[in-house]
Amino acid sequence: MAEEFIPRDNCVFGRKVFFINASFNIEQLAKGKLRDMEYETFIIDDFKQAKNILRKNPDSICLVNLDHVNDSSLSVVQYLNFINSCEEDEVLTTIFFGVLSVNTSPKQMNLFFYNAKLPCGYIPSSPNREDFAETLTCILDVNSAKGRRQYVRATCEISGNAFISITTKSGPVHFPLVDFSSVGLACKIPAKMAGVIAPNTLLSKVDLFLYGVRFPVSLIALKEFKKGDMNVLVTLFSKGVTMEVRKKVRSYVFRILEGDIDKQADYLNPDNTDYPQELAKKSIVVNMDDLPTASDLDDSYELEELTDIT
């Protein structure tokens with residue numbers, strides 16, 4: 001199904017994917033299957049922080065669930081006004097918006113088709129999780145969510161919290177991580193070992209430590225390069241590293257990335273905008289109840305006729 005689409009704006013490093021007003025099923029899908037498929041997905045729990053976070057992540061994808069899930073949710077028209085208000089912000093105009101809903105009535109769909117720019121479209125929220133996941137992945141792929149990279153990685157602070165330990169003749173040596181993903185890692189090489197590990201070397205007995213948790217792994221050295229004053233070794237997990245370990249490593253990747261997103265919130269400056277219950281931007285269609293349904297339209301129905309609907 002995804003092969004039928006031509007990717008839009010092939011973003012080299014991919015796009016973060018944010019979900020607003022996520023239902024339980026959407027959150028489970030975003031934090032489960034989609035992450036397992038290496039999409040960089042996040043939930044924005046506090047709607048008032050949505051713009052703060054999106055401004056710090058230009059060119060991201062943002063999918064808004066229209067179905068009410070709690071008392072803090074907005075109405076359908078308010079979400080439409082929120083999306084349109086982002087056009088007034090130079091950074092937020094780069095966000096690829098889409099909406100999710102179990103309501104696929106032509107009236108509600110047309111409300112968004114005629115009154116908002118939605119690169120990711122109006123996406124039906126199927127109760128069948130597999131069907132919904134397939135639809136979402138197609139939408140994400142056509143909007144270059146992964147870009148050219150295939151795996152989500154997290155950058156580490158050079159510290160004692162994330163490192164690998166290799167036993168040498170003179171004892172264990174620690175290599176602090178620079179970044180890592182579910183398929184491999186890059187680490188800082190101690191000065192005394194620069195140039196020692198040749199490409200394609202199998203490091204069969206390595207202990208990977210992630211924030212106090214130890215994972216026995218084996219690595220294949222790919223290359224060594226210079227990054228400023230630091231020598232960096234790039235490695236891949238060998239075939240012997242189980243899917244269970246890779247999944248646990250991926251969970252740490254997202255733990256770091258979620259922490260980064262949390263830091264981007266600005267709780268001193270929340271978005272307290274009272275988004276109106278009526279269309280704030282009357283571009284084409286004014287009254288939702290008067291919208292034509294799909295059956296009302298034919299090939300001769302001109303778009304400008306809709307401007308006369310009141």
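**Exercise 1.** In this predicted model, work out how many residues lie between β8 and β9 in their hairpin, and which way the two strands run.

*Solution.* Start with the connection: β8 and β9 form a hairpin with three residues between them. Next, look at the pairing. Strand β8 (residues 171-180) is joined to β9 by three bridges, and the two run antiparallel. To find your place in the ladder, look for Leu-177, which sits opposite Cys-187 of β9.

**Exercise 2.** Now go to the other partner of Cys-187: which residue in β12 is it?

*Solution.* β9 is also joined to strand β12 (residues 230-237), by five bridges, again running antiparallel. In β12, Cys-187 has Leu-233 as its bridge partner. Then check burial, taking under 20% relative accessible area as the cut-off. Four of the five residues of β9 (residues 184-188) pass, so the strand is largely enclosed by the rest of the structure.

**Exercise 3.** Move to β4 and sort its side chains: which residues point one way, and which the other?

*Solution.* Here's the rule to lean on: side chains in a regular strand alternate between the sheet's two faces. Phe-96, Gly-98 and Leu-100 go one way, Phe-97, Val-99 and Ser-101 the other, and all are buried. With six of six residues buried, β4 (residues 96-101) is largely enclosed by the rest of the structure.

**Exercise 4.** Which strands and helices make β-α-β units with β4?

*Solution.* First take β3 (residues 61-65), which runs parallel to β4 with five bridges; Asn-65 stands opposite Leu-100. Helix α4 (residues 76-85) completes a right-handed unit with β3 and β4. Then take β5 (residues 122-124), parallel to β4 through three bridges, with Tyr-122 partnering Val-99. Here helix α5 (residues 106-115) joins β4 and β5 in a right-handed unit.

How values were computed:
Residues numbered from 1 in each chain as written. Predicted model: local features only at pLDDT ≥ 70, side-chain atom pairs only at ≥ 80, totals over all residues. Heavy atoms only, no water. Buried < 20%, exposed > 50% of the residue type's maximum accessible area, 1.4 Å probe, protein only. Pairing = 2+ DSSP bridges. Right-handed = clockwise from strand over helix to strand, strands pointing away.
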